[in-house]
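Hi,

Here's the structure I promised to pass on. Have a look at it first, and then read on for what turned up.

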Amino acid sequence: MFQTETFAADEAGVLKAAAHLSAGSLVAFPTETVYGLGGDARNGQAVARIFNAKGRPHFNPLIVHVPDIETARSVALFDETARNLAQAFWPGPLTLVLPLADGHGLADLVTAGLTSVAVRVPAHPVARALLHSFGGPLAAPSANPSGRISPTTAAHVQSGLSGKIAAVLDGGACAVGLESTIVGGTPLALLRPGGLATEDIEAITGPLAPAGPAISAPGQLASHYAPNQRVRLNATAAEADEVMLGFGPMPSDLNLSTSGDLVEAAANLFGHLHQLDSLGQPIAVAPIPDLGLGQAINDRLRRAAAPRQPI
């Protein structure tokens, strides 16, 4: 255990964070989706520290964050569909699972022994500044203990990982609030719904196949994004011992969006779960429409409510 520093998201803070990463240490940083726990993707010891800090299963691969498409091509092989998706949605909340390129230089743990890699170009200006300053690919799962609620503020990171990582680069609250959408495989499949609506992707690719049973991308464990407290879904009201996470106009302890706006609900999801979890009571969650970003919200909620898996 050691003290985890917090750096302001200015030029000096970015330089200090990049220096830690270059030394093989871990730094949490903001993306437009959630805070990522960054480590040098080419440094096996740094990547091992990510798994250790999170308590993450080693069969669960990591997303590699890069500053641009050109860098992505140094670690992954792009076909025409992947190129079209990258041009349409990068930088942004889309992760592509693609075959590893020859000479990729990534540590074996990053891909969990697979012959593919999950890669994306984040849009957050602080993440982009850090990637350019560091000058290499960063392995960066969400900056929280494995299986727990993803962090959307620096305070969430400190709450879960203080004393286990070198620093947090504080860029404020994340705008999207849901992890990236992940697609990959042959035929092209939706491996994890996320911050980019499936309909937007299918406008380019056509219908996406469902994910198979194998773990081929991050965020596919049945129990994931989980609070410490029990979660009950599709609740119209809280029971006597519960706190209520609402959606739309309804009585609740916290409401994802009183107006029923799914974009607002996505941005609030993890932050509200953190707040309710801290109260130490089971959490009842109102029904969420299963369309657009609602698909990703419901995916996270189902995993949060699933029986806990040993890690």
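Let's start with a small one: in β9, which residue is the bridge partner of leucine 96? It's valine 183. Before going further, keep in mind that this is a predicted model.

**Around β5**

That bridge belongs to a parallel pairing of β5 and β9, which runs over four bridges. On its other pairing, β5 meets β6 in the antiparallel sense, again with four bridges. There, leucine 98 sits opposite valine 117 of β6. Is β5 mostly covered or mostly open? Mostly covered: five of its six residues are buried.

**The sheet as a whole**

Those pairings are part of an open sheet of 11 strands with mixed pairing, in the order β1-β8-β2-β3-β7-β4-β6-β5-β9-β10-β11. At the edges you'll find β1 (5-8) and β11 (209-210); each has a single partner strand, so one side of each has no neighbour in the sheet. As a reminder, strands of a sheet pair through backbone hydrogen bonds, either parallel or antiparallel.

Further along the order, β3 (residues 35-40) and β7 (residues 138-139) are an antiparallel pair with two bridges. Glycine 39 faces alanine 139 of β7 there. Helix α2 (residues 44-54) packs on the sheet and touches β3 and β7, with its direction at about 145° to that of β3. Helix α5 (residues 125-134) packs on the sheet as well, and its contacts are β2 (27-30), β3, β4 (63-65), β7 and β8 (167-170). The direction of α5 makes about 135° with that of β2.

**Pockets**

You'll probably want the pockets next. The largest pocket holds about 340 Å³ of space. Its lining has 18 residues, and Val97, Leu98, Gly184, Gly185 and Thr186 are the ones nearest its centre. So which elements supply at least two residues each to that lining? They are α4 (80-89), β5 (94-99) and β9 (181-184), and β5 gives the most, with four residues. Leu98 is thus a residue to look at twice: it lies among those nearest the centre of the largest pocket, and it is the residue opposite valine 117 in β6. By class, the lining of the largest pocket comes out as 11 nonpolar, six polar and one charged.

The second largest pocket has about 230 Å³ of space. It is lined by 13 residues, with Arg148, Ser159, Asn228, His274 and Asp277 nearest the centre. Here α6 (154-161) and α8 (262-277) each supply at least two lining residues, and α6 gives the most, with three. The classes in this lining are four nonpolar, seven polar and two charged.

**Cavities**

How many cavities of 30 Å³ or more does the structure hold? Two. The second largest cavity contains about 40 Å³ of space. Ten residues line it, among them Pro61, Leu62, Ser116, Val117 and Ala118, which lie nearest its centre. Strand β6 (residues 116-120) gives the most to this lining, with three residues. Val117 is one of the residues nearest the centre of this cavity and also the residue across from leucine 98. No charged residues line the second largest cavity; its lining is seven nonpolar and three polar.

**Backbone oddities and loops**

A few spots are worth a look in your viewer. Most residues other than glycine have a negative phi, and most peptide bonds are trans. Against that background, there's a cis peptide bond from tryptophan 90 to proline 91, with omega near -5°. Proline 91 is in the loop between α4 and β5. Another cis peptide bond joins threonine 186 and proline 187, where omega is about 0°. Proline 187 lies in the loop between β9 and β10 (189-192), while Thr186 is one of the residues nearest the centre of the largest pocket.

Asparagine 234 has a positive phi of about 55°, although it is not a glycine. You'll find asparagine 234 in the loop between β12 (231-232) and β13. Buried or exposed? Asparagine 234 is exposed, at 55% relative accessible area.

Last, proline 249 is in the loop between β13 (243-246) and β14 (254-255). With a relative accessibility of 79%, proline 249 counts as exposed, because the cut-off for that is over 50%. Its C-alpha atom and that of serine 259 are separated by 6.6 Å, with the two residues 10 apart along the chain.

Cheers

Technical notes
Residues are numbered from 1 along each chain as its sequence is written. This is a predicted model: local features need pLDDT of at least 70, side-chain atom pairs count only at pLDDT 80 or more; totals for chains, interfaces and linings use all residues. Side-chain values use heavy atoms; hydrogens and water are left out. On a 1 Å grid over the protein atoms alone, a cavity is a set of points where a 1.4 Å probe fits but cannot get out, and a pocket is an open set with protein on both sides within 12 Å along at least five of seven lines; lining residues have an atom within 4 Å of a point. Grid points are joined across faces, edges and corners, and a volume is the space filled by probe spheres set on the points. Ala, Val, Leu, Ile, Met, Phe, Trp, Tyr, Cys and Pro count as nonpolar, Asp, Glu, Lys and Arg as charged, and the others, Gly among them, as polar. Two strands pair if DSSP finds at least two bridges between them. Contact means heavy atoms within 4.5 Å. Axes are lines fitted to C-alpha atoms, for helices over the stretch in contact, and angles run from 0 to 180 degrees between N-to-C directions. Buried means under 20% relative accessible area, exposed over 50%, partly exposed in between (1.4 Å probe, protein chains only).
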